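Please open the structure in your viewer and keep the selection tool at hand. The tour below goes from the whole chain to single residues and then to a pocket.

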Amino acid sequence: MTSASQRPDGPTPAPRLIATDLDGTLLRDDKSVSVRTVAALAAAEEAGTEVFFVTGRPARWMDVVSDHVHGHGLAICANGAAVVDLHAGREFVQVRALPRAAALAVVDALRAAAPGTSFAVELTTGINYEPEYPPFYKDAGANIATAEKLLDEDADEDSAPVLKLLAHHAELAPDAFLTLARSAAGAYASITRSSPTALLEISGQGVSKASTLALCCAERGISPAEVVAFGDMPNDIEMLGWAGTSYAMGNAHPDVIAAASGLTTPNNEDGVAAVIERILADRLAGREQHPA
């Protein structure tokens with residue numbers, strides 16, 4: 001942890017887009033958005049910088065920030081598997097699904113490599129899970145069955161797309177489970193994690209926060225150099241590497257700190273807001289020195 005921000009080498013650029021993770025990054029540990037952070041997000045948008053929330057959360061868990069999305073109203077959810085419009089009741093704008101056959105291949109591989117793994121299936125319509133899977137939030141209407149049944153390859157064409165497969169292990173260490181899973185099943189899907197527990201998040205091959213953010217930026221004519229990104233866990237690493245400027249939180253996983261170009265204060269100390277405030281102050285100072 002750190003009590004002071006460290007800038008990347010050179011001046012902080014004036015970005016066209018800010019991309020920020022939520023849990024452990026923008027949100028405090030009590031899952032609130034501080035008054036300071038709300039003000040910083042609004043100031044960024046007013047200054048002409050778009051803000052994208054880029055999270056592993058499903059669309060149905062986005063109420064915590066839906067009041068703080070300005071302009072476009074879009075958010076990237078489920079580690080890049082979905083783009084949703086928070087101004088339109090969390091309507092899906094884009095879905096990058098995990099093929100059911102690939103999900104089944106991952107299930108088979110992890111059952112062999114890590115006995116005791118339990119699974120959940122995140123769909124555009126909600127989550128279903130195995131009896132042994134520990135649901136971290138109770139989801140009304142969830143179907144409970146084996147992963148093989150939940151992912152039945154014979155599902156009809158009207159079946160909801162699979163956004164993520166979740167894999168939990170009660171005994172393995174989180175990073176060890178991630179390494180094992182990537183070795184055993186990385187040929188079938190993209191595998192990452194954001195939980196402090198041994199809970200893996202499995203998406204379609206090539207689907208990540210970074211790849212979907214890149215698509216959204218390309219639609220707007222925004223280059224990586226014009227993006228500042230924030231994150232704290234392994235599922236943020238690709239996004240932090242893609243963005244021209246990136247900050248790990250003071251509370252971040254060591255691999256995230258290594259991947260980012262800068263370091264800011266922890267989420268409970270409004271690290272995202274601190275950087276946004278500095279960026280806007282630098283921009284204002286530049287205008288005062290070089291008036292139009």
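Two residues are said to be in contact when they have heavy atoms within 4.5 Å of each other. With that in mind, select H169 and show its surroundings: once the neighbours within four places in sequence are left aside, H169 is in contact with A114, P115, G116, T117, F177 and A198. Please remember throughout that this is a predicted model.

**The whole protein**

Now zoom out and colour by secondary structure, where you will find 10 helices and 13 strands. The radius of gyration is 19 Å, close to the 19 Å that the globule rule gives for 292 residues, so the protein is as compact as a globular protein of that length. If you turn the view along the principal axes, the C-alpha atoms fill a box of roughly 65 × 35 × 30 Å. Of the 292 residues, 53% are buried, and the accessible surface comes to about 12500 Å², of which carbon and sulfur atoms hold 52%. Among the contacts with a separation of 6 or more, 60% are between residues 24 or more positions apart.

**Back to H169**

Select H169 again and follow the backbone on either side, which shows that H169 sits in the loop between β8 and α6 (174-185). Is H169 buried or exposed? Its relative accessibility is 8%, and because buried means under 20%, H169 counts as buried. For a sense of distance, add T265 to the selection: H169 and T265 are 96 residues apart along the chain, and their C-alpha atoms are separated by 31 Å.

**F230 in a strand**

Next, select residues 227-231, which form strand β11, and pick out F230 within that strand. F230 has 0% relative accessibility and counts as buried. Which residues is F230 in contact with, leaving aside its neighbours within four places in sequence? The list is I18, A19, T20, D21, T25, M239, L240, Y247, V272 and V275. A142, by comparison, is 88 residues from F230 in sequence and 32 Å from F230 in space, C-alpha to C-alpha.

**Two loop residues with positive phi**

Move on to K31, which lies in the loop between α1 and α2 (35-46). K31 is not a glycine, although its phi is positive, at about 70°. With 34% relative accessibility, K31 counts as partly exposed.

Then select A78, in the loop between β3 (74-77) and β4 (82-85). A78 also has a positive phi, of about 50°, although A78 is not a glycine. The relative accessible area of A78 is 1%, and A78 is buried.

**The largest pocket**

For the last stop, turn to the largest pocket, in which about 800 Å³ of space lies. Of the 37 residues that line this pocket, D23, S194, S195, P196 and L199 are the closest to its centre, and they make a useful selection to start from. Which elements each supply at least two residues of the lining? Colour α1 (22-26), β7 (126-129), β8 (162-168) and β10 (199-203), and you have the elements that do so. Finally, colour the lining by class, which gives 14 nonpolar, 10 polar and 13 charged residues.

Note on methods
Residues are numbered from 1 along each chain as its sequence is written. This is a predicted model: local features need pLDDT of at least 70, side-chain atom pairs count only at pLDDT 80 or more; totals for chains, interfaces and linings use all residues. Side-chain values use heavy atoms; hydrogens and water are left out. On a 1 Å grid over the protein atoms alone, a cavity is a set of points where a 1.4 Å probe fits but cannot get out, and a pocket is an open set with protein on both sides within 12 Å along at least five of seven lines; lining residues have an atom within 4 Å of a point. Grid points are joined across faces, edges and corners, and a volume is the space filled by probe spheres set on the points. Helices (H or I, at least four residues) and strands (E, at least two) are DSSP runs, numbered from the N terminus. Ala, Val, Leu, Ile, Met, Phe, Trp, Tyr, Cys and Pro count as nonpolar, Asp, Glu, Lys and Arg as charged, and the others, Gly among them, as polar. The radius of gyration is taken over C-alpha atoms; the globule rule is 2.2 Å times the number of residues to the power 0.38. Buried means under 20% relative accessible area, exposed over 50%, partly exposed in between (1.4 Å probe, protein chains only). Accessible areas come from the Shrake-Rupley method with a 1.4 Å probe; for residues, only the protein chains shown count as cover.
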